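Trainee: I'd like to learn how to read salt bridges in a model. Could you walk me through some?

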Amino acid sequence: MVTETDLLNTAECEYDAGRQRRANRVVNLGLAANALLAVVKISAGIFGHSKALLADGINSFSDVVYFLFVKLLVKLSAQPADEEHPYGHHQLESIAAVVIGAFVITTGIAIFWDSINTAFDLLTGTRGRNPVESFTLAVALVTVLCKVFLMLDAAAVGKATRNLAVTALARDHRNDIFASLGAAGGIVMGLLGIQWGDPLAGALVAAVVAKTGIDILRESTAELMDTVPGTRMDANMRAIISSHGEVLRVESVHTHRFGPYFMANITIAIDGDLSVSEGDRIADEIEKMLYDRIDLLKRVYIHYHPPKRRIRRKA
């Protein structure tokens, strides 16, 4: 006989398999695109004498490195639950996002420092002035178009699957759009004869890169630290529980994330004259109500007891 729990577990497995396939596609597409763009931009930056485009190419190369690591973590996150990880391995998605943030920040700092050194050398005359080639502008603009497509695709998948790693990749693609636009601006300045404009654009690009990395780190570490989802979900859960006619009071609702899912620990007050079996029935009914009305709620634990009486102090 197929129970309701079996149906829930089957649906959960199908959902996990589907989101895993979509996440893998985003990672593989981003990996291939970044590898190609890195080769093209680094080559064009060197032969076209564009510091901004070279910095953008190095950024794409770093993307290739951490995409490989993210690919591994996303694959490991799909492992089924075991004795040591009864809720699965979805937290690896948050760890992957942390890795992305760290790589992005490191890349931004390196590009910024190199660009500032180049600008200083140009202004002081210690570095030769090589004119920027016009073909580098076409490379930067083509990169923008590619990254717009990758960003929209990853953002859509990240929103649909609530995969932090994929969402972080979408934000990194967005970051690359600004980087390539900054490179294009620097190249235009170089073509106009403003030699220091190209490395300055590289420094501005690096600042945007580092800011994105900090945002990714803040969001992913908040998930790893079990930051509560927010007051809106708390209020929604309390409203659902309170709608049950036999619940006298909702005393506490503690919800935390686990990958794309939510876990909830709830304490309610019910009539103390009810039997244990009746209390279990009420808890089961509340669990079903919550599972039916809240998406991606993975586990609910309900503790019930009689209302606590306040003890009056003697005067």
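Trainee: Let's start with D176 and K147: are they buried or exposed?

Mentor: Both D176 and K147 are buried. Keep in mind that this is a predicted model.

Trainee: What do the side chains of D176 and K147 form?

Mentor: The general idea comes first: side chains of opposite charge can pair when their charged atoms come close. Here, D176 and K147 meet in a salt bridge, with N to O at 2.9 Å. This pair links distant parts of the chain, as D176 sits in helix 5 (residues 164-191) and K147 in helix 4 (residues 135-161), 29 residues apart.

Trainee: Which residue pairs with R249 in a salt bridge?

Mentor: That would be E251, at 3.1 Å from N to O. As for exposure, R249 is partly exposed, with a relative accessible area of 38%, and E251 is partly exposed as well, at 27%.

Trainee: And how many residues apart are D292 and K288 in helix 8?

Mentor: They are four residues apart in helix 8 (residues 276-293), so about one helical turn separates them. D292 forms a salt bridge with K288, and their closest N and O atoms are 2.9 Å apart. D292 is exposed, because its relative accessible area of 53% is over the 50% cut-off. K288, at 40%, is partly exposed.

Trainee: Which residues are joined into one network by salt bridges that share partners?

Mentor: Those are E246, R281 and E285.

Trainee: Finally, how many salt bridges does the count come to?

Mentor: The count comes to six salt bridges.

Note on methods:
Residues numbered from 1 in each chain as written. Predicted model: local features only at pLDDT ≥ 70, side-chain atom pairs only at ≥ 80, totals over all residues. Heavy atoms only, no water. Salt bridge = Lys/Arg side-chain N within 4 Å of Asp/Glu carboxyl O. Helix = DSSP H or I, 4+ residues; strand = E, 2+ residues; numbered from the N terminus. Buried < 20%, exposed > 50% of the residue type's maximum accessible area, 1.4 Å probe, protein only.
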